[in-house]
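Me: Let's go through this structure step by step. Keep the replies short.

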Amino acid sequence: MTELSFAGKTVLVTGGAGFVGSNLVGRVARAGGKVIVLDDLCSGTLDNLDNDIEYEFIEGSVTDSALVTDLIKRADFVAHLAARNIVVSTKNPRDDYEVNIGGTLNVLMAAREHPVERIVYTSSASVYGNPRIIPILEDERPHTFSPYAVSKLAGENYCYAFYETYHLPVASVRYSNVYGPKQSPTNPYCGVIAKFMDSISRGEHPSVHGDGQQTRDFTYVDDAVEATLTALLSPKSEGGVYNIGTGTETKVLELVHIIARLLGREVIPEHIDRRDIDNIRRRVVSIERIRTQLRWQPTVTLEEGLRRTVDWFLQTHR
Ligand SMILES: NC(=O)c1ccc[n+]([C@@H]2O[C@H](COP(=O)([O-])OP(=O)(O)OC[C@H]3O[C@@H](n4cnc5c(N)ncnc54)[C@H](O)[C@@H]3O)[C@@H](O)[C@H]2O)c1
């Protein structure tokens with residue numbers, strides 16, 4: 001892996017006030033880049049953005065094509081993270097369609113008119129649904145169980161179509177359950193970790209959906225950010241789709257026990273009904289493609305990532 005540098009470059013980060021976006025903004029600014037954040041603050045907050053970095057903040061929506069075009073004119077790179085999340089999208093599929101698909105189309109059309117060096121679109125492992133084979137390869141047939149999975153996949157398809165048709169330099173990354181500092185307990189992807197920390201630290205029994213034997217591939221946010229920026233800087237990523245995860249499958253119940261141990265507590269999880277928005281039993285992604293093509297691999301173990309997240313949680317929630 002090479003040291004990332006954005007010296008002399010301007011990076012537009014849509015959704016930069018969100019959980020992953022704000023971590024990415026910090027990393028780009030520290031790697032010498034000038035950052036423009038576009039966010040409508042629907043699930044993000046300015047509190048997520050570090051005080052010790054410089055960035056320009058524009059409050060607005062990716063659905064505003066004139067605004068997106070104005071900002072892309074000034075950018076060398078675009079990290080496109082703005083999206084309605086799975087919970088919001090399940091409640092209001094039209095809004096999800098307008099933001100996740102329409103907003104992505106706005107970014108691509110603006111970049112076609114005003115060329116940039118590269119764009120990375122952040123998709124999701126939710127596009128796989130219940131996969132046939134584990135670990136999941138990028139070529140696995142998508143199985144879109146939710147309106148959110150439909151819109152994230154549509155965004156990817158638009159990226160690929162713009163790459164093929166107009167030679168737009170764009171890549172897609174599929175995140176698998178990203179967790180870490182700045183994640184709100186309401187963040188549906190991995191808010192479960194923040195929720196477990198919250199309830200366990202109060203001495204309450206954490207609520208586990210179903211039997212807790214469901215598995216996920218939990219990715220520490222710094223790793224997800226590094227992988228995204230590696231794709232952003234690499235010409236080889238253009239036209240590609242890459243899983244971002246760890247390749248390690250973890251049971252939700254195991255996660256509860258690690259968090260409890262790190263917080264020095266004993267726990268008896270309380271099993272509650274399965275969630276209706278994410279009925280996926282097993283998920284772990286293969287990261288061979290990004291490892292071999294872009295030379296990226298995760299560096300933070302689950303134990304270490306959870307320890308850092310617990311430290312952040314204790315500092316900010318006391
Ligand atoms: N966190 C995960 O585990 C995970 C997993 C798979 C995919 N993703 C994808 O990664 C990206 C970032 O996710 P996150 O976890 O940081 O979520 P998040 O909700 O914290 O961040 C999304 C950001 O986009 C902003 N936003 C939403 N609609 C917007 C609009 N119309 N215009 C401008 N900004 C808008 C929100 O205010 C928020 O700041 C999203 O595209 C998401 O689909 C995340």
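Reply: One definition before we count: helices are DSSP runs of H or I with at least four residues, and strands are E runs of at least two. The model is predicted.

Me: How many helices and strands does the chain have?
Reply: Helices and strands are numbered from the N terminus. On that basis, the secondary structure comes to 10 helices and 13 strands.

Me: What is the radius of gyration of the chain, and why does it agree with a compact globule?
Reply: The chain has 318 residues, so a compact globule would have a radius of gyration near 20 Å. Along its principal axes, the C-alpha trace spans about 55 × 45 × 40 Å. The value for the chain agrees with the globule figure: 19 Å.

Me: Is strand β1 largely enclosed or exposed?
Reply: A residue is buried if 20 or more other C-beta atoms lie within 10 Å of its own. In β1, residues 10-14, 4 of the 5 residues are buried. Therefore the strand is, with respect to the rest of the structure, largely enclosed.

Me: Which residue in β2 is the bridge partner of Thr-10?
Reply: β1 and β2 (residues 34-39) run parallel and are joined by 5 bridges. Within β2, Thr-10 is partnered by Lys-34.

Me: What is the handedness of the β-α-β crossover from β1 to β2?
Reply: The chain leaves β1, passes through helix α1 (residues 19-30) and arrives at β2. Clockwise, with the strands pointing away from the viewer, is the criterion for right-handed. This crossover is right-handed.

Me: Which residue in β4 stands opposite Thr-14?
Reply: β1 also pairs with β4 (residues 77-80), in parallel, through 4 bridges. Opposite Thr-14 in that strand stands His-80.

Me: How far apart do the C-alpha centres of domain 1 and domain 2 lie?
Reply: Domain 1 covers 10-179 + 220-245 + 285-299. Domain 2 covers 191-215 + 249-283 + 307-316. Their C-alpha centres are separated by 27 Å.

Me: Which helix gives the largest share of the side of domain 1 that touches domain 2?
Reply: The contact takes 11 residues from domain 1 and 9 residues from domain 2. On the domain 1 side, 6 are nonpolar, 5 polar and none charged. The largest share, 3 residues, comes from helix α3.

Me: Is Thr-45 buried or partly exposed?
Reply: Thr-45 lies in the loop between β2 and β3. A residue needs 20 or more other C-beta atoms within 10 Å to count as buried, and 12 or fewer to count as exposed. Thr-45 has 14, so Thr-45 is partly exposed.

Notes
Residues are numbered from 1 along each chain as its sequence is written. This is a predicted model: local features need pLDDT of at least 70, side-chain atom pairs count only at pLDDT 80 or more; totals for chains, interfaces and linings use all residues. Two strands pair if DSSP finds at least two bridges between them. Domain bounds come from an automatic or database domain assignment. Two residues are in contact if their C-beta atoms, placed from the backbone, lie within 7 Å. Ala, Val, Leu, Ile, Met, Phe, Trp, Tyr, Cys and Pro count as nonpolar, Asp, Glu, Lys and Arg as charged, and the others, Gly among them, as polar. The radius of gyration is taken over C-alpha atoms; the globule rule is 2.2 Å times the number of residues to the power 0.38.
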